[in-house]
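This report describes an enclosed space in a protein model and then a single residue. The sequence and structure are shown first.

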Amino acid sequence: MTFTPQANADGSATMQQGLSTVSATVFGPREPRAQSRGMLLHDRAFLSVEVGEAAWAQQGGSKRSRGDKRLTEVAAAIRDTFEPVVMLQLYPRTEISVYIQVLGSDGGILSTAINATTLALIDAGVAMADYITSLSIGLHLTQPLLDLSGPEESDIPHLVVACLPATGKITLATLETRIHVDRFEDMLDVGVEGCRVLHAEMQAEVRQRTTTIVERMQMGQGTTAAVTA
Amino acid sequence: MDMDANEQSYNYAELDPEESGSLERQITTPGEVVTSAKEFMRGHGTLLDASGENVVATVAGTVERVNKLVSVKSVKSRYNPEKGDLVVGRITERRKVESDALKMREFLAEGDLRNGQLTIVPASLIRRLKTHFYTLPPPCGPQGVDVILGVNGYIWVCLGSGPGSDKERATQGGGGGTSDGFDNELVYSDKNDIIPPPSRQAISRVCALIQTFARYSIPLTETLLMSAYEWCRHNGLEETGVVLSRALEKQLLEEIVGIVDTDE
């Protein structure tokens with residue numbers, strides 16, 4: 001989990017979960033670009049999310065282009081996840097763009113991307129009601145498993161959960177395979193628990209970074225007098 | 001203000017309505033409860049949670065309070081314009097409605113900044129000060145270097161107009177004031193003077209220094225820039241390239257700003 005300062009972006013972060021690495025870059029709130037001006041909303045901002053995947057991200061080198069259906073789905077899921085949490089009404093007539101690059105793909109791309117986006121939005125200073133943290137949960141026989149890798153993900157039924165850790169509200173739960181309804185609740189509980197742990201980690205990282213910046217801002221101020229003396 | 005161990009710790013203490021001001025450097029991140037005391041009004045960067053009892057932060061930053069108003073100031077955010085701000089503008093698009101264009105021309109003209117280069121930093125690194133026009137005097141290039149710090153994070157670095165310059169130019173008309181009292185021809189001229197190589201070197205060195213400080217979130221001031229430039233001269237870096245190596249950068253930050261731990 002790192003904040004990766006990118007020169008022109010308002011905020012950016014890279015998240016690594018297992019062998020999956022995803023970087024998220026946030027621009028905005030800004031005036032909508034010419035191509036997305038039609039989406040402008042008069043009373044709030046709109047989120048635009050684009051997901052790309054690096055050519056080397058996947059084993060076997062099968063390249064997915066930007067228009068790939070799976071990536072578009074990920075983008076839509078991220079947009080829907082963040083829309084209720086980001087305080088869009090504070091930034092009317094603007095666009096907040098999130099660009100996501102999958103740098104290494106080994107399962108759990110959606111949840112890694114959601115976590116990276118949370119950090120990047122916080123880094124950009126965009127107001128949010130809470131963090132959103134996300135994890136994938138698999139099911140082996142009756143045992144729920146957290147944070148699946150690529151091979152695991154393709155073999156066992158799994159669920160992706162994103163939640164607001166403070167209230168435990170779930171903003172996203174997607175299931176691509178069928179599971180027994182009795183198992184669902186267990187998986188969800190484990191997932192929310194995992195999201196809380198993740199939240200603590202992310203919070204510590206954000207705090208540390210914020211503290212550093214606050215210190216730096218004061219440092220420059222305090223030392224100028226000393227330097228001239 | 002000094003940061004002592006207490007203030008840096010992660011332990012979170014709720015705001016005490018009786019105590020005022022002492023916790024102004026408290027750091028919070030989104031979703032954290034800032035206070036549950038009823039007597040506070042909530043300001044920017046805060047939100048009332050679902051239960052309606054707690055004031056919750058929505059951005060990562062410092063908690064600030066003025067009397068009963070509690071707000072959270074983000075450490076990094078987009079530029080929020082205020083009246084009286086000096087900004088450096090860049091034309092990205094022209095709207096071709098005739099009346100608009102004419103009205104703008106009353107106040108501004110294209111190409112009124114010249115003889116230099118633009119460099120952009122996060123807007124939070126530039127404070128609102130009494131003056132945003134600096135002149136770094138002649139050891140910094142044969143004619144000195146002028147710096148215009150726009151509060152929006154745009155910085156114009158250009159050839160100095162101090163006593164060493166060969167043209168008597170109107171100095172402070174660049175940003176956006178009305179042009180009364182200045183020589184319009186010169187202020188709004190878009191012709192560059194011929195700039196000798198040493199001056200060019202000085203201008204680009206100042207830009208490189210500004211970017212270095214920006215990377216480490218150090219707010220810019222005149223004295224900081226001057227002492228950094230002096231430091232470069234002192235260390236015999238005048239003839240080398242303007243971009244500092246990692247080691248030199250570390251040394252600069254340590255000696256000028258006092259930051260030791262720069263591993264990010």
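In the classes used here, Ala, Val, Leu, Ile, Met, Phe, Trp, Tyr, Cys and Pro count as nonpolar, Asp, Glu, Lys and Arg as charged, and the others, Gly among them, as polar. The model is a predicted one.

**The cavity**

Searching the whole structure gives one cavity of 30 Å³ or more. The volume of the largest cavity is about 80 Å³. Its lining includes Phe3(A), Asp123(A) and Arg209(A) from chain A, and Ala60(B), Ser74(B) and Lys76(B) from chain B. Sorted by class, the lining of the largest cavity breaks down as follows.

| Class | Residues in the lining |
|---|---|
| Nonpolar | six residues |
| Polar | three residues |
| Charged | three residues |

Which helices of chain A each supply at least two residues of this lining? They are helix 2 (109-124) and helix 4 (181-228). Helix 4 of chain A provides the largest share, four residues.

**Thr212(B)**

Thr212(B) belongs to helix 4 of chain B, which covers residues 197-215. Is Thr212(B) buried or exposed? Its relative accessibility is 4%, and buried means under 20%, so Thr212(B) counts as buried. A polar atom of the Thr212(B) side chain lies 2.7 Å from the backbone oxygen of Ala208(B). With neighbours within four places in sequence left aside, Thr212(B) is in contact with Glu249(B) and Leu252(B).

Note on methods. Residues are numbered from 1 along each chain as its sequence is written. Chains are lettered from A and ligands numbered from 1 in the order in which they are written. This is a predicted model: local features need pLDDT of at least 70, side-chain atom pairs count only at pLDDT 80 or more; totals for chains, interfaces and linings use all residues. Side-chain values use heavy atoms; hydrogens and water are left out. Buried means under 20% relative accessible area, exposed over 50%, partly exposed in between (1.4 Å probe, protein chains only). A polar contact is a pair of N or O atoms within 3.5 Å; within protein, one must be able to donate a hydrogen and the other to accept it, and residues adjacent in sequence count only if both atoms are side-chain atoms. Contact means heavy atoms within 4.5 Å. On a 1 Å grid over the protein atoms alone, a cavity is a set of points where a 1.4 Å probe fits but cannot get out, and a pocket is an open set with protein on both sides within 12 Å along at least five of seven lines; lining residues have an atom within 4 Å of a point. Grid points are joined across faces, edges and corners, and a volume is the space filled by probe spheres set on the points.
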